[in-house]
Amino acid sequence: MYLITNRHLCKYDRYIEVIKEASYFGVKNIILREKDLSNDELEDLYFRIKKNINKETKLIINSNIEVFKRVDADGIHLPFDKFIDIYDEKNKENTSEYIDIKNFNKLLGVSTHSIKDIVEVLKRNADYIFLSHIYETKCKENLKPKGIEILKEANSLFTNSNINLIALGGITPSNVKYIVDYCDDIAVMSTIMSSKNIEKTISEYRLKVSVLK
């Protein structure tokens, strides 16, 4: 299970505790996605979280390459266009925005929103691919969800791939059972970040399916 952070979904004094509890109750990968913070603030937050979470849990920086380099994070998660530009070395001269992801020893994730996106990532390489959003979600209120069918179609492309397909968007304990046959794992944000009982929430996901990693 992947957790995407959002400190606006819980009280300030609860934020670190939510992430910490999630890491000890089964979340294996945490994506630090706090876009409105400065680089210095994000760096400080990374180390605060890293100090508190399960040592087995990976802490991944979302998109911010400069902070990724500063903190030597466990991985980086990139939007699709940025991933393509970096992989194809379109901005190699801009050293602050470039990393050699072809020879990468960290986790590398990519966000996708279509079959076309996924095909392009599969032509290159990554550790995991997010496909979103599957169900309706408040984070994307004005956008129609992709639905399960696109996840089924995407899953068929991964037969001979070592890349993991991760479903994202509106996935709850009540609907997760309908998608687990078509992805390697799931990613969640709101359900966990706003939960008053992290252990119970994660257990509810696991009660529905036995394949969550």
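Q: In this predicted model, how many of the five residues of strand 4 are buried?
A: Let's start with strand 4, which spans residues 75-79. Strand 4 pairs with strand 3 in the parallel sense over three bridges, and within that pairing I61 stands opposite I76 of strand 4. Strand 4 is mostly covered, and its count of buried residues is four.

Q: Which residue of strand 3 does I30 stand opposite?
A: Strand 3 covers residues 58-62, and strand 2 covers residues 29-32. These two strands pair in the parallel sense over four bridges. Facing I30 from strand 3 is L59.

Q: What do the eight strands close into, and what is the average twist from one strand to the next?
A: The strands follow the order 1-2-3-4-5-6-7-8 with parallel pairing, and they close into a barrel. From one strand to the next, the twist averages 25 degrees.

Q: What angle does the direction of helix 6 make with that of strand 7?
A: Helix 6 runs over residues 148-155 and packs on the sheet. There it touches strand 6 as well as strand 7 (164-168). With the direction of strand 7, the direction of helix 6 makes about 175 degrees.

Q: Is G109 buried or exposed?
A: G109 lies in strand 5. Leaving aside neighbours within four places in sequence, G109 is in contact with I76, H77, L78 and Y128. Its relative accessibility is 0%, and a residue under 20% counts as buried, so G109 is buried.

Q: What distance separates the C-alpha atoms of G109 and T172?
A: Along the chain, G109 and T172 are 63 residues apart. In space, their C-alpha atoms are separated by 22 Å.

Q: Which residues of helix 4 are buried?
A: Helix 4 takes in residues 80-87 and is mostly covered, with six of its eight residues buried. The cover over these buried residues includes helix 3, strand 4, strand 5 (107-112) and helix 5 (115-123). The buried residues are F80, K82, F83, I84, I86 and Y87.

Q: Which residue just after helix 4 takes a positive phi?
A: Most residues other than glycine have a negative phi, so a positive value is worth a look. Just after helix 4, phi reaches about 60 degrees, and the residue that takes this value is E89.

Q: Is S63 buried or exposed?
A: S63 sits in the loop between strand 3 and helix 3 (65-71). Its phi is near 70 degrees, a positive value in a residue other than glycine. With a relative accessibility of 17%, S63 counts as buried.

Q: Is D72 buried or exposed?
A: D72 is found in the loop between helix 3 and strand 4. D72 is not a glycine, and yet it has a positive phi of about 55 degrees. The cut-off for exposed is over 50%; at a relative accessible area of 51%, D72 is therefore exposed.

Q: Which residues does a cis peptide bond join?
A: Most peptide bonds are trans, so a cis one stands out. The place to look is the loop between strand 6 and helix 6, where H133 has its place and where S132 is found too. Omega is about -10 degrees at the cis bond, and the residues it joins are S132 and H133.

Q: Which residues does S132 touch, not counting those up to four places away in sequence?
A: S132 is in the loop that follows strand 6 (128-131) and comes before helix 6. With a relative accessible area of 7%, S132 is buried. The residues that S132 touches are T112, H113, K146 and L168.

Q: How are helix 1 and helix 2 oriented to each other?
A: Two packed helices are described by the angle between their axes and the distance between the axes. For helix 1 (residues 15-24) and helix 2 (residues 39-52), the angle is about 45 degrees and the axes are 9 Å apart. That angle therefore makes helix 1 and helix 2 oblique.

Q: In which crossing does helix 1 pass helix 2, and how many nonpolar residues does their contact have?
A: Helix 1 passes helix 2 in a right-handed crossing. Helix 1 contributes Y15, I16, I19, K20 and Y24 to the contact, while helix 2 contributes L45, R48, I49 and N52. By class, the contact has one polar and two charged residues, and its nonpolar residues number six.

Conventions
Residues are numbered from 1 along each chain as its sequence is written. This is a predicted model: local features need pLDDT of at least 70, side-chain atom pairs count only at pLDDT 80 or more; totals for chains, interfaces and linings use all residues. Side-chain values use heavy atoms; hydrogens and water are left out. Buried means under 20% relative accessible area, exposed over 50%, partly exposed in between (1.4 Å probe, protein chains only). Contact means heavy atoms within 4.5 Å. Axes are lines fitted to C-alpha atoms, for helices over the stretch in contact, and angles run from 0 to 180 degrees between N-to-C directions. Angles under 35 degrees count as roughly parallel, over 145 as roughly antiparallel, 65 to 115 as roughly perpendicular and the rest as oblique. A crossing is left-handed if the near helix is turned anticlockwise from the far one by less than a right angle, and right-handed if clockwise. Ala, Val, Leu, Ile, Met, Phe, Trp, Tyr, Cys and Pro count as nonpolar, Asp, Glu, Lys and Arg as charged, and the others, Gly among them, as polar. Two strands pair if DSSP finds at least two bridges between them.
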